[in-house]
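The following dialogue asks how the descriptive terms used for a protein model are justified. Please look at the sequence and the structure before reading on.

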Amino acid sequence: MWPIVQAFTKFFDLLIALFQSMHPIIGLTVISILTGAVMLVVWKYTSNQKAIAAAKAKISAYILEIRLFPDDMRAQFSAQRKALLANAKYMTYAVPPLLVVLLPVVAILVQLDVRYQRKPLEPGDVTLLKVKVAEEVDLASVTLDAPAGLVMETAAMRVVAEDEVDWRLRADTPGEYDVTVNAGGTVETKRIVVGERLTKLAEFREQSNFLTIWMAPAEKPLPKGSPIQEIRLTYPEREMKLAGISLHWLLVFFVVSVLFGFAIKGVVGVEV
Amino acid sequence: MRKYWPGWSRFGIATGILAGGILIALVTGPGFADSKKKMMVIGFDGMDPNQLQEHIDNGYMPNFERLIAKGSFTTLGTSIPPQSPVAWSNFITGKNPGGHNIFDFIHRDPKTYLPFLSTSEAVGSSKSIELWGDWQLPLGGGEVVLLREGRAFWELLENAEIPTTVFKIPANYPPVQTNVRTLSGMGTPDMQGTPGTFTYFTTHPPEDADDISGGAIVDIYFDRDKSEAAIPGPPNPFDKRGRETGANVTMYRDKENQVAKIVTGDEEIVLAPGEFSEWVPVEFYMLGDEGFGDRIRPAAAPMGFAVGGSVRFYLKSVYPEFSLYVTPVQIDPLNPAQPVSTPDDWSKELAERTGRYYTQGMPEDTKALEGGVFDDGEFLTQATLVLDERMKLFETMVSDFAQDEWGFLFFYFSSLDQQTHVMWRCMDPKHPASDEMARQYPDIITNIFKRLDKAVGIAMERLGDDVTLVVMSDHGFAPWYREVHLNSWLADNGYLTLKDDSEGVRASSDFFMNVDWRRTKAYALGINGLYINVRGREKNGTVAPGKERDELMNELIAKLKELRDPETGALAIKEVYKSEEVFDGPYVKNAPDMNVGYAYSFRGSNESALGEFPMEWFADNTGKWSGDHCIAADIVPGILISNRQLSRQDPALYDLTATILAEFGVDKDEDMIGTPVFQ
């Protein structure tokens, strides 16, 4: 499973690299447009276009009936009931393509999340690196090696009550660094990014399972059964501003992709 | 060209003349007379002219020297009494205390004789609906009222549409409601509504923990190197008993590695001993369960109605004893629970650019030092953080102002005043509180002078010569060697009668609880205030207004001016000012009858100020608070330096107010008493 996720992540790395020197919102907008277009095509070939068109036409007809006979209560109720039924039918037709679209959209959202939700540390920023270990691990045996570019500001803080060891790290110079955690002979690394680049960021490495593989694609999960259960740090939130207004990347993605999809559905000939 | 003249109708010419006239009127009218001027005033609280001159002579103040060479340097007459809220109110309103109603840090209610803070008053919500158990639903939010009277000079600038920014000026909390950008200064409380109450979590509370003022000492214990407690927060309006809210804090320690982890809300911090954290947001939930120390703290799943604040942690030690200092909970500038700025969101705008900052009026934690929670070095670290933060804000605001076409900027520094108060003993080996530790820091005050010189240099460099630059202080400084227990003197000389004069009772009573008011003629309250117990004004007044009062005042003045320190034979009081002689305005009636101007190196004791009666009249001041200025006004003038020439050499604070208004061509209010000082 991991190689598939890796390949998908690599594809996004290449895509994002095209917009590296630009405002983050430009790359996000282009990806949102592409997503809107691709999903529209997927929708076209995974949905019953004729049935959807028929359901929509019926809904329109019943709404027209409601407007034409405002004084006829029987006609009103009947038209409303039929419109609701047609609408339910329309929803039923929409479910299969929605399900098909949902999975790739979630995968795309995850890829965008690891790039747009947080930003790398800046030189001078301080973060807490937390390592959770299995109960049987002697906390005194847990060590951390940080390369030049990162500064360990405190000795290991062993949190006995939580089976956890923490270090306060300060980013010193831009770069991508791997810190090495050793817990009683088990060695794992954690990537820490310093600088201004738009790049994928993993706030944590957890032990491998289906969800962590798909939901945390920026860094390989920890092996199952490892005495190191989690390595975690916090990156600052990325703030995207357009004309002085703060925009959440998710809002930009949904608005742009949906608007673009609706804008070209006539051109592509898709019933939505 | 000529052929077009007939095309100009007479109407057109008349219209042109009218438009030109309107334009001339507009540019010469009161609001626009000198509208393109720029002026900046830097307020260094407590900068003493003699100390400044000494530092200039030693070559420590190159930027001050340059500024003085361009213009002028003179002393600036301070207020009577020379206390910061009084002095800054003189500057803000252009009046003396009779016009602005601030006479001391502390005023008294004549109907109860109880003291209260002079600059603002908190008024709680008076109505509520009773709910089950200990809960109630308050109807209305309560408010804080500024007690200073008189219009602030920036209100007049605003009326004339002069772009104005006033940063942290004292005695302006809550900030006067204007559209001018202001941030409130001295007088701004912490989230508990106090001038600043720190929290100290420790496994080893000091024996005198209950006597430490300005802080909550919380005794904690560790289980598996984990301890849970709560940071005291604001009183809970939903609680009938008005108990404090608390923000949960969990502390972990690593005894071997000597580090600690602090967790509050979503925030996690690891500190080594001797380190301060950055600002950390904390939340106080109004609905929860009864927690540590009888405080309301969030239940396992905190429920709504939270108010936020911000704190910094300082880890003193980890093991064998754990000690963690927490700053007073600040009104968070990013999300203020109470307004600290105008417009309301200006505090947020600033914090977004510079990071969170102290909003508390007097951020240097002198109480932690006096209470022994900080040693001198730790206090110095905390005070340096305050100055660093202030310098960052200063640079931001000066840079912004440099981009502006015109307008007025005031910026305030508290560091010199607060540090000189508690660190005078470090540079003065003669001081009774000078000890080995204090003598390790002989250059503290000099170092602050040097840093403030840098601030002046930044302003000069970024603003250039065309901007009128004024550097001023509200008062100077003097050592405080000897405490004068004025109320004890009054009691022992028959002017004040105690219910029980036995040593045990006399020494332990406070807030005038031991005073027999029906047999008392005069009492001292506040640092300089001396009141006559006037019949019809005070609840149990004994002295008739008019002749009897006047004769008593004259008698007291004569005796006090002869009061000598038995140890040195020096006169303890230089001057006693009658309020009706030195104040003007409608509020003279609220003033103490007299203001005591102590002689150099003397000052009224804190005990006396709050109605206590030590057995002796004089005592050595062995406390950390070793320098002061609440003495005779002419001993501690402030400074006035500008890149402009002065027209006179004896200006006072209210003259500077008139000068600012005149600089922009704005008429002063009729009851402002100052006159402009620039040539």
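The questions and answers below set values against definitions.

Q: What kind of model is this, and how are its residues and chains labelled?
A: This is a predicted model, in which local features need pLDDT of at least 70 and side-chain atom pairs count only at pLDDT 80 or more, while totals for chains, interfaces and linings use all residues. Residues are numbered from 1 along each chain as its sequence is written, chains are lettered from A and ligands numbered from 1 in the order in which they are written, and side-chain values use heavy atoms, with hydrogens and water left out.

Q: What makes the pair A:K130 and B:E268 a salt bridge?
A: A salt bridge is a side-chain nitrogen of Lys or Arg within 4 Å of a carboxyl oxygen of Asp or Glu. The closest N and O atoms of A:K130 and B:E268 are 2.6 Å apart, so the pair meets this definition. A:K130 lies in strand β1 (residues 126-133) of chain A and B:E268 in strand β16 (residues 267-271) of chain B, so the salt bridge joins two chains. Strands here are DSSP runs of E with at least two residues, helices are runs of H or I with at least four, and both are numbered from the N terminus.

Q: Why is A:K130 called buried and B:E268 partly exposed?
A: Buried means under 20% relative accessible area, exposed means over 50%, and partly exposed lies in between, with a 1.4 Å probe and protein chains only. A:K130 has 16% and is therefore buried; B:E268 has 31% and is therefore partly exposed.

Q: How do you know that A:D166 and B:K261 join two chains?
A: Their side chains meet in a salt bridge, at 2.6 Å from N to O. A:D166 lies in strand β5 of chain A and B:K261 in strand β15 (residues 259-264) of chain B, so the pair joins two chains. Both residues are buried, A:D166 with a relative accessible area of 0% and B:K261 with 2%. B:K261 also meets B:E268 in a salt bridge, at 3.4 Å from N to O.

Q: How many salt bridges does a search of the whole structure find?
A: The search finds 57 over all chains.

Q: Why is B:D104 described as having no salt bridge?
A: B:D104 is buried, and the nearest side chain of opposite charge, B:R603, is 8.9 Å away. Lys and Arg count as positive and Asp and Glu as negative, while His and the chain ends are not counted. The side chain of B:D104 does have polar atoms 3.1 Å from the backbone nitrogen of B:I106 and 3.2 Å from the backbone nitrogen of B:I527. B:D104 is found in the loop between α5 (97-100) and β3 (106-109) of chain B.

Q: What makes the phi values of A:D163 and B:N101 worth noting?
A: Most residues other than glycine have a negative phi, and most peptide bonds are trans. Phi of A:D163 is near 50°, and phi of B:N101 is about 75°; both are positive values in residues other than glycine. A:D163 lies in the loop between β4 (157-159) and β5 (164-171) of chain A and, at 23% relative accessibility, counts as partly exposed. B:N101 lies in the loop between α5 and β3 of chain B and, at 13%, counts as buried.

Q: Which residues are joined by cis peptide bonds in the loops that hold B:P81 and B:P320?
A: A cis peptide bond joins B:I80 and B:P81, with omega about -5°, and B:P81 is in the loop between β2 (72-76) and α4 (84-93) of chain B. The bond from B:Y319 to B:P320 is also cis, with omega near 10°, and B:P320 lies in the loop between β22 (313-317) and β23 (323-326) of chain B.

Q: What makes A:I4 suitable for a nonpolar surface patch?
A: Patches are made of residues with over 30% relative accessible area and no salt bridge; like charges are joined within 9 Å, and nonpolar side chains (Val, Leu, Ile, Met, Phe, Trp, Tyr) within 5 Å. A:I4 is exposed, with a relative accessible area of 52%, so its value passes the area cut-off. The patch to which A:I4 belongs has about 880 Å² of accessible area together, as given by the Shrake-Rupley method with a 1.4 Å probe, where only the protein chains shown count as cover for residues. Helix α4(A) gives the most to this patch, with four residues.

Technical notes:
A polar contact is a pair of N or O atoms within 3.5 Å; within protein, one must be able to donate a hydrogen and the other to accept it, and residues adjacent in sequence count only if both atoms are side-chain atoms.
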